[in-house]
Amino acid sequence: MPAERIVTTADEVDAFIVRATVEVLEKMFFTGIETGGKGGEIEIESPIQVELHFSGPLTGTLRMRTGEAAARALGSTLTCLEPDEFPRERCIQAAGELANMICGCLLSHLEPDANLALTPPEETLDEAGLPGSLRHWFRLPEGELAIEFALDPWPSDSLA
Amino acid sequence: MGLRVLIVDDSPLMRTVVRRIMELSGVDMDVCSEASNGQEALDWLLSEPVDLVLTDINMPTMNGADLLREMKQCGLLARIPTLVVSTDATDHRIHDMIELGANGYVTKPFSPESLRDELDRVLGDVHAG
């Protein structure tokens, strides 16, 4: 019998976005993070935007946007390499790994028993937001980080 | 004598991270090799001695599940301890990978201590068994 979905509202999904993002950044990137708030648009200098898709009992997309400087600092912390060893291409990889971990962590909170497939994270230049997405942004020491999360479709019986 | 380790992940960044964390955790490694997918790993395992495999699941060409399946079918390779390192923390996936022959499973994000603890458990179980 499939496990009961434990999330019932968009607010709860948002809380899981915060929980997953904080957990990944603190545990793996040793970085303090403050939640900035829900929704809205934030200006990010020299942005890097990556996204990945998931499918299974839940289908959707997680998109993450941060600045090149923040991605460089995070990548440097993660690998113990010097920041000057992180050209933009490697910053994109670091952002992709961060997004991958946040998405995996988030989905495991949302659907602990589900068999979900994730695509590899890829850079996207799409400036339009994901339709119907939840958005949350955070403050890092080196800049901002924004998460967009969309389910396709949103489960009509639970999330509003 | 140190371990001969093979790290399998399609992300060069994550291979670096796993290697660094193993070094920071004090794992005694003689050789630390890398492969970017299951097929590359299999080719390496068939040509070089390896004491421990750490593998991701989602990879192009051959994923981690198929790598474990292939290793299980090949007598000598089936004895090599394997530790899965993945973002997928679902019970379903962990169960599947253990069924396929993985000796341990660490979910990303992980702390250096948790990786070290799981490595100690996996290698301890193998040596005890």
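Biologist: What makes β1(B), α1(B) and β2(B) a right-handed β-α-β unit?

Modeller: In this predicted model, a crossover counts as right-handed if, with the strands pointing away from the viewer, the path from the first strand over the helix to the second runs clockwise, and the unit made by β1(B), α1(B) and β2(B) is right-handed in that sense. The two strands, β1 (residues 3-8) and β2 (residues 29-35) of chain B, run parallel and are joined by 6 bridges.

Biologist: How do you know that β1(B) and β2(B) are paired, and which residues stand opposite each other?

Modeller: Pairing needs at least two bridges between the strands, and β1(B) and β2(B) have 6. Among the partners, Arg4(B) stands opposite Val31(B) in β2(B), while Ile7(B) has Glu34(B) as its bridge partner. β1(B) is also joined to β3(B), again running parallel, by 4 bridges, and here Val8(B) stands opposite Thr55(B).

Biologist: Where does the sheet continue from β3(B)?

Modeller: β3 (residues 52-55) of chain B pairs in the parallel sense with β4(B) over 3 bridges, and Thr55(B), the residue opposite Val8(B), also stands opposite Val84(B) in β4(B). Between these strands the chain passes through helix α3 (residues 64-73) of chain B, in a β-α-β crossover that is right-handed. β4(B) then pairs with β5 (residues 104-107) of chain B, in the parallel sense and over 4 bridges, with Leu83(B) opposite Gly104(B). The path from β4(B) to β5(B) leads through α4(B), and this crossover is right-handed.

Biologist: Why is β4(B) described as mostly covered?

Modeller: A residue is buried if 20 or more other C-beta atoms lie within 10 Å of its own, and in β4(B), residues 82-86, 5 of the 5 residues are buried. In a regular strand the side chains alternate between the two faces of the sheet. Thr82(B), Val84(B) and Ser86(B) are buried on one side, and Leu83(B) and Val85(B) on the other, so both faces of β4(B) are covered.

Biologist: Turning to the partner chain, how many residues of chain B are in contact with chain A?

Modeller: Contact requires C-beta atoms within 7 Å, and 19 residues of chain B are in contact with 24 residues of chain A. On the side of chain B that touches chain A, α1 (12-24) and α4 (91-99) each supply at least two residues, and α1(B) gives the most, with 5. The residues of that side divide into 6 nonpolar, 7 polar and 6 charged.

Biologist: Why are α2(A) and α1(B) called oblique to each other?

Modeller: Two packed helices are described by the angle between their axes and the distance between the axes. For α2 (residues 68-79) of chain A and α1(B), the angle is about 40 degrees and the axes are 8 Å apart. Angles under 35 degrees would count as roughly parallel and those from 65 to 115 as roughly perpendicular, and the two helices are therefore oblique. Their contact is made by Gly75(A), Leu78(A) and Thr79(A) of α2(A) with Leu13(B), Thr16(B), Val17(B) and Arg20(B) of α1(B), and by class it has 3 nonpolar, 3 polar and 1 charged residues.

Terms used
Residues numbered from 1 in each chain as written. Chains lettered and ligands numbered in written order. Predicted model: local features only at pLDDT ≥ 70, side-chain atom pairs only at ≥ 80, totals over all residues. Contact = placed C-beta atoms within 7 Å. Nonpolar A, V, L, I, M, F, W, Y, C, P; charged D, E, K, R; others polar. Axes fitted to C-alpha atoms, helices over the stretch in contact; angles between N-to-C directions. Parallel < 35°, antiparallel > 145°, perpendicular 65-115°, else oblique. Buried ≥ 20, exposed ≤ 12 C-beta atoms within 10 Å, placed from the backbone.
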